[in-house]
Amino acid sequence: MGDYPKIQAETYDLIVIGGGINGAGVARDAALRGLKTILIEKGDFAGATSSWSTRLVHGGLRYLEYFEFPLVRESLREREILLRTAPHLVKPLLLTVPVYGGRSRPYWKIWAGMLLYDVFSYDKSLPTHRMLPNTQFQQLFRSLDKENLKGGAQYYDAQVEYAERLCLENIIAAKQAGATILNYVEVTGLDREGKRINQLNCRDVFSGETFTVKGSPKAVVINTSGPWVDRVCQLGREKDQPAAIGTTRKIGGTKGSHIIVDPFPGAPETSLYVEAKSDGRPFFIVPWLGMYLIGTTDIYFNENLEAIKADNDEIDYLLRETNGIIPTAELSRQDVKFTYSGVRPLPYVEPSQKTAAITRKHIVYDHDRDGVENLLSLIGGKLTTYRQVAEELVDASYQKMGLPARRCETDTPLPGAIFPNDTRIGQALYDYRPQLPLKTIHHLFSIYGARALEVLQLTDEHEELREKITPALPDIKAQLVYGVRSEMAQTLVDITRRRTTLAMHARYGLDLLPTITETLQKYAGWTQEKCDREVIAYHDYMRLNCIPDYELEAWEKALSPQMV
């Protein structure tokens, strides 16, 4: 919980609503440039769209089809920056594209796309593409469907396995640069005087405490709330009366769902970027933390944003299409270990338009045309391009303030940036090998980067924190305590879904809750009452968002009566 009386007594130059990857990037950029910045997030950082992606940092090969060349170039440039500034999180990824006759993308078209991709990434540090004739391709990928196979292509993009932590590192960097950062604080009103928003009314989600956030005379408010952009605009108030900002709908999101499965017969060693047999829609089959991530779908969504789940039909579609590409897989519902689904905050279009054709280019919407001169809303935005988007928004804010923009400094390393050959890792292996498995030490550096040393220091304070949370995984109890003490985790979902990946690796994390709550009670100040409340909330979250509908009855029978 923040120091709300102190916050209420301050005035801020830049007020950011929404703590996903774009909001986090804006807060970091603004704070580094010296603007007095506050970020307000109604849930947890990366708690929605930023957490539900395919976890790729990519140029968007298929955007070439829609002639979005500037977006591809921007994405490829930003990919290169992230490979340099977050090397512990963003890593090269080899993708393979099988090409089949009779589908929407023939061999020549893929080849042309590969050539263009290399042209637009002329300053890259990754290898260029290669085309594989049919004989070579079949030799390398023996388990793939051979019907009408014409060959394939291979190229490099990048993967961010812990996408939530990329967002978190921007939050940490913003805080280190002087920004005020709040999670689990909801904006309940945007108060206007004339053409300017002069203060925000806020409420702590857990305590119910209310307070205001005031803008300085030239303050700018940036709405990076993703799928909630229109709802935030509806919070406008003038002289204590509702006064929505704007009348047109701006967000028309599409739903994208993923499934996670264990390795299966014929599972590829590289990532696959394939066309579904039934409808030609591209989707990915990606090795991810010892498992496989399969997705995504692309469906118009206009329902409850607080409870988004991969429905049975989507899960069956991803299973069926994976089996169609890799016949030896024979995946079924029983193989699904975890599901997740999110909404892309794309520009609103009529539902008759093909979802794939909706632009992925972001739009900075200036609400001056709606009678509010100090509000900017972000429509769209990709994980890959968040840094560039943030720079654009902060530059626009300076323009609105009537001030010359200071130089953007976000091309510098993030707090955890470290390469595998760094001497600090070797020293940590030497120092902690007697107490911890090598696999655990390497695991900590893969998640926290250079900040893994802070997690390891906790094990010096309490030997019990060296213990594994579960024998099957390398994660240790110190990570739980560190998440609460140093990373603003406030709920069990924060810890198992966004500070770690325990929920995806261990039966939705349900079996780990007793160990987690016991550790947090002992070392992080959680009370028994908070633990009990959190366990109930955790089961509700998994039921509403992650556990497939076809499994719910069995899960509910397995839960204790008070959890149902």
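At 64% relative accessibility, Glu-330 counts as exposed, where exposed means over 50% relative accessible area, buried under 20% and partly exposed anything in between, with a 1.4 Å probe and protein chains only. The model is a predicted one, with local features needing pLDDT of at least 70 and side-chain atom pairs counted only at pLDDT 80 or more, while totals for chains, interfaces and linings use all residues. Residues are numbered from 1 along each chain as its sequence is written, and side-chain values use heavy atoms, leaving out hydrogens and water.

Back to Glu-330, which sits in the loop between α8 (312-325) and β18 (336-344); helices (H or I, at least four residues) and strands (E, at least two) are DSSP runs, numbered from the N terminus. Its backbone is a bit of an oddity: Glu-330 has a positive phi of about 50 degrees without being a glycine. Most residues other than glycine have a negative phi, and most peptide bonds are trans. Lys-239 also goes against that habit, with a positive phi of about 55 degrees although it is not a glycine. The loop between β11 (236-238) and β12 (241-242) is where Lys-239 is found, and at 76% relative accessibility Lys-239 counts as exposed. As for the peptide bonds, a cis one joins Gly-295 and Thr-296, with omega at about 20 degrees. Thr-296 belongs to the loop between β16 (291-295) and β17 (299-300).

On to helix packing. Two packed helices are described by the angle between their axes and the distance between the axes. Here the axes are lines fitted to C-alpha atoms, for helices over the stretch in contact, and angles run from 0 to 180 degrees between N-to-C directions. Helix α2 (residues 21-32) packs against helix α9 (residues 386-401) at about 55 degrees, with the axes 8 Å apart. The two are therefore oblique to each other; angles under 35 degrees count as roughly parallel, over 145 as roughly antiparallel, 65 to 115 as roughly perpendicular and the rest as oblique. α2 and α9 cross in a right-handed way, meaning that the near helix is turned clockwise from the far one by less than a right angle, anticlockwise being left-handed. On the α2 side, Ile-21, Asn-22, Gly-25, Val-26, Asp-29 and Ala-30 meet Tyr-386, Val-389, Ala-390, Glu-391, Leu-393 and Val-394 of α9, contact being heavy atoms within 4.5 Å. By class, this contact of α2 with α9 has eight nonpolar, two polar and two charged residues; Ala, Val, Leu, Ile, Met, Phe, Trp, Tyr, Cys and Pro count as nonpolar, Asp, Glu, Lys and Arg as charged, and the others, Gly among them, as polar.

The axes of helix α16 (residues 513-523) and helix α17 (residues 528-545) come within 10 Å and cross at roughly 150 degrees. That makes α16 roughly antiparallel to α17. The crossing of α16 and α17 is right-handed. From α16, Leu-513, Thr-517 and Gln-521 meet Gln-528, Cys-531, Val-535, Tyr-538 and His-539 in α17. The contact of α16 with α17 splits into four nonpolar, four polar and no charged residues.

Helix α11 (residues 438-448) has eight of its 11 residues buried, so it is largely enclosed by the rest of the structure. The buried ones are Thr-440, Ile-441, His-443, Leu-444, Phe-445, Ser-446, Ile-447 and Tyr-448. Their cover includes β4 (90-100), α6 (163-176), α10 (423-432), α12 (452-461), α13 (477-486) and α14 (492-499). Right after α11 comes Gly-449, with a positive phi near 60 degrees.

Strand β4 also holds Thr-96, which counts as buried at 0% relative accessibility. Setting aside neighbours within four places in sequence, Thr-96 is in contact with Phe-137, Phe-141, Ala-153, Gln-154, Thr-270, Ser-271, Leu-272 and Tyr-273. Thr-128, by contrast, is exposed at 52% relative accessibility and lies in the loop between α4 (107-120) and β5 (130-133).

Finally, the cysteines. The structure holds zero disulfides, a disulfide being a pair of cysteine sulfur atoms within 2.5 Å. The sulfur of Cys-233 is 16 Å from the closest cysteine sulfur, in Cys-202, which is too far for a bond. Cys-546 is in no disulfide either, with the nearest cysteine sulfur, that of Cys-167, 18 Å away. Cys-233 counts as buried at 1% relative accessibility, and Cys-546 counts as buried at 0%.
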